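Let's take a walk through this chain, from the overall build down to a few side chains. Have the sequence and the model open as you read.

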Amino acid sequence: MKNYIFLLFIGLFGLSVSAQNSASANVNSRATVIDPIKIDKTVDLDFGNIISAYNPGQVILSPDGSRVAYGVQISNAIPGTVNPAEAVVTHGNNNYAITLPEQFTLYNQENPNQVLVIDRFTVQPQEGNIVDIIKIGATLNLEANQTSGFYTNSTGFNVTVSYN
């Protein structure tokens with residue numbers, strides 16, 4: 001009987017030693033390299049001529065180039081240069097996101113203590129296959145009796161595009 005148990009033990013041990021304890025598979029790998037996303041500004045954002053008022057006001061410039069004034073006046077006779085900002089986005093037919101600032105400050109060229117704030121940026125893409133043209137509008141906020149002059153900010157504001 002002892003021999004029989006011993007043979008059974010050896011047989012079981014032998015089975016466990018010869019059992020498969022690993023496996024492998026051949027896995028292929030791939031990569032697709034795409035062109036980096038690119039943005040080039042073509043037109044700056046310009047609200048044109050605005051007539052100051054006794055009350056605060058706003059000028060809303062839409063991406064289509066139309067503008068509407070609230071509390072201030074815009075001159076149809078001498079509108080000045082009115083343009084939504086424009087940029088060309090090269091994206092290779094990939095989806096992307098556009099990030100605009102929450103607000104941006106313009107400074108009076110003669111008196112930098114006088115400022116205008118731009119906010120509520122809006123964007124309208126004109127979609128193409130691998131290149132889009134994006135047009136950007138915003139709201140210009142004026143104080144009551146805003147000091148006249150040319151307002152600008154040479155640093156410009158950032159428009160960021162990134163792949164989704």
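What follows covers the fold, the charged pairs, the aromatic rings, the main pocket and two backbone oddities.

## The big picture

First things first: this is a predicted model. The chain runs to 164 residues, and 23% of them count as buried. Its secondary structure is made up of 14 strands and one helix.

How do the contacts spread along the sequence? Taking contacts with a separation of 6 or more, 65% come from residues 24 or more positions apart. As for the outside, the accessible surface is about 11,600 Å², and carbon and sulfur atoms own 52% of that.

## Charged pairs

How many salt bridges turn up in the whole structure? A search gives three. As a rule, side chains of opposite charge can pair when their charged atoms come close.

Start with lysine 38 and aspartate 40, whose closest N and O atoms sit 3.8 Å apart. That falls inside the cut-off of 4 Å, so the pair counts as a salt bridge. Lysine 38 is partly exposed at 46% relative accessibility, and aspartate 40 is partly exposed too, at 35%. Another bridge joins lysine 41 to aspartate 44, with 2.9 Å from N to O. Lysine 41 has a relative accessible area of 56%, which makes it exposed.

The remaining bridge to look at is between glutamate 86 and lysine 135, at 3.2 Å from N to O. Glutamate 86 belongs to strand β8 (residues 85-90) and lysine 135 to strand β12 (residues 131-142), so this bridge ties together parts that are 49 residues apart in sequence.

## Three phenylalanines

Two aromatic pairs show up in the structure. In one of them, phenylalanine 104 meets phenylalanine 157 edge-to-face, with 5.5 Å between ring centres and 65° between the planes. Here, too, distant parts of the chain are linked: phenylalanine 104 is in strand β10 (residues 103-108), while phenylalanine 157 is in the loop between β13 (151-152) and β14 (160-163), 53 residues apart. Is each ring buried or partly exposed? Phenylalanine 104 is buried, at 11% relative accessibility, whereas phenylalanine 157 is partly exposed at 21%.

Phenylalanine 157 also pairs with phenylalanine 121: their centres are 4.9 Å apart and their planes meet at 50°, so this pair is tilted. Again the link joins distant parts of the chain, with phenylalanine 121 in strand β11 (residues 115-126) and phenylalanine 157 in the β13 to β14 loop, 36 residues apart. Phenylalanine 121 has 13% relative accessibility and counts as buried. Put the ring pairs together and you get a cluster of Phe104, Phe121 and Phe157.

## The largest pocket

Rolling a probe the size of a water molecule over the atoms shows where empty space is left. In this model the largest pocket holds about 950 Å³ of space. Its lining takes in 38 residues, and the ones nearest the centre are Leu45, Asp46, Phe47, Leu106 and Tyr151.

Which strands supply the lining? At least two residues each come from β1 (38-43), β2 (46-47), β3 (50-51), β8, β10, β11, β12 and β13. The largest share belongs to β1, with four residues. Some of these strands have come up already: β8 and β12 carry the two partners of the glutamate 86 to lysine 135 bridge.

## Two odd backbone angles

Most residues other than glycine have a negative phi. Which residues here go the other way? One of them is arginine 120, with a positive phi near 50°. Arginine 120 is found in strand β11, and at 48% relative accessibility it is partly exposed. Strand β11 also holds phenylalanine 121 from the ring cluster.

Asparagine 145 has a positive phi as well, about 55°, although it isn't a glycine. Asparagine 145 sits in the loop between β12 and β13. With a relative accessible area of 47%, asparagine 145 is partly exposed.

How values were computed
Residues numbered from 1 in each chain as written. Predicted model: local features only at pLDDT ≥ 70, side-chain atom pairs only at ≥ 80, totals over all residues. Heavy atoms only, no water. Buried < 20%, exposed > 50% of the residue type's maximum accessible area, 1.4 Å probe, protein only. Contact = heavy atoms within 4.5 Å. Areas by Shrake-Rupley, 256 points an atom, 1.4 Å probe, with all protein chains shown as cover. Salt bridge = Lys/Arg side-chain N within 4 Å of Asp/Glu carboxyl O. Phe/Tyr/Trp six-rings, centres within 6.5 Å; stacked < 30°, edge-to-face > 60°. 1 Å grid on protein atoms, 1.4 Å probe; cavity = no way out; pocket = protein on both sides within 12 Å on 5 of 7 lines; lining within 4 Å. Points joined across faces, edges and corners; volume = space filled by probe spheres on them.
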